[in-house]
Amino acid sequence: VANARAGLNRSLGLAEEPAYRTGPVPQEEYEGEVKTLMDTARQHHPELQALRAQEWIASAAVDEAIADLYPALKLSGEYGGSGSRFPLIWNWWGAAQSALEIFSGWRKTGRIDEVVAQLRAARARTADQEQQIYLELVQALNQRDTARQRQELTALIVRSAQESLDLVNERYRIGQAAAVEVTDAQVALTRAQAD
């Protein structure tokens, strides 16, 4: 149920459990544990960090495209000396330029639309990766709990097989059971122990 719930959350585009109810049956939650693991994954997961870097780059590209709408101001200066004899003749030179493009054929606004779309795509990839990490965390926790329950059940089966072997041995000792029953009980115990 928890795996199906995590899959539903991923299909809905949710990166975390929003604590909704799908039916009247209460579900066992790992809210605190999953939240802690998810926070750790957000800080240290390499794929998520790479996607966040791409998102940051896309955001910087949006800022650059917006800044391109403003006029350009360029200041420059030079200082140099030339001549064939000493003392050299020193020259100073300086300039200030300003350029304002009146119409760019919608190139600049088109560039803004393009980089905004790239930013949205980067954010969507980041959100998708977070959802995938959340799904994998929930599935791993459920597998861990299932393994613990199997281990407990197997321990009960081993104890039951041991009691059955003890009972068959006692019945064999008083002549109420055949050797085949003792062998079957020993095989059942061995199988349970192997499990």
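**Exercise 1.** Is Asp145 buried or exposed?

*Solution.* Asp145 has a relative accessible area of 12%. Buried means under 20% relative accessible area, exposed over 50%, and partly exposed in between, with a 1.4 Å probe and protein chains only. Asp145 is therefore buried.

Two remarks apply to every exercise. The model is predicted, so local features need pLDDT of at least 70 and side-chain atom pairs count only at pLDDT 80 or more, while totals for chains, interfaces and linings use all residues. Residues are numbered from 1 along each chain as its sequence is written, and side-chain values use heavy atoms, with hydrogens and water left out.

**Exercise 2.** Describe the salt bridges of Arg144 with Asp145 and with Glu33.

*Solution.* Begin with the rule: a salt bridge is a side-chain nitrogen of Lys or Arg within 4 Å of a carboxyl oxygen of Asp or Glu. Side chains of opposite charge can pair when their charged atoms come close.

Step 1. Arg144 and Asp145 meet through their side chains in such a bridge, at 3.2 Å from N to O.

Step 2. Between Glu33 and Arg144, the closest N and O atoms are 2.8 Å apart. Glu33 belongs to helix H2 and Arg144 to helix H4, so this pair ties together parts that are 111 residues apart in sequence. Helices here are DSSP runs (H or I, at least four residues), numbered from the N terminus.

Step 3. Consider accessibility: Glu33 is partly exposed at 33%, and Arg144 is partly exposed at 26%.

**Exercise 3.** Which elements give two or more residues to the largest nonpolar core?

*Solution.* A nonpolar core is a set of buried Ala, Val, Leu, Ile, Met, Phe, Trp, Tyr and Cys residues joined through side-chain atoms within 4.5 Å.

Step 1. The largest such core has eleven residues, among them Ala6, Met38, Tyr134 and Leu141.

Step 2. The elements sought are helix H2 (31-44) and H4. H4 gives the most, with six residues.

**Exercise 4.** Where do the buried residues of H5 lie around its axis?

*Solution.* Step 1. Helix H5 covers residues 179-194. Its buried residues are Val182, Ala185, Leu189 and Ala192.

Step 2. Viewed down the axis, these residues fall within an arc of 90°, so they line one face of the helix. The arc is that of the directions from the helix axis to the C-beta atoms.

Step 3. These buried residues pack against helix H4 (107-173), where contact means heavy atoms within 4.5 Å. The face turned away from the buried side carries the exposed residues Val180, Thr190, Arg191 and Ala194.

Key
The expected span of a helix is 1.5 Å times one less than its number of residues.
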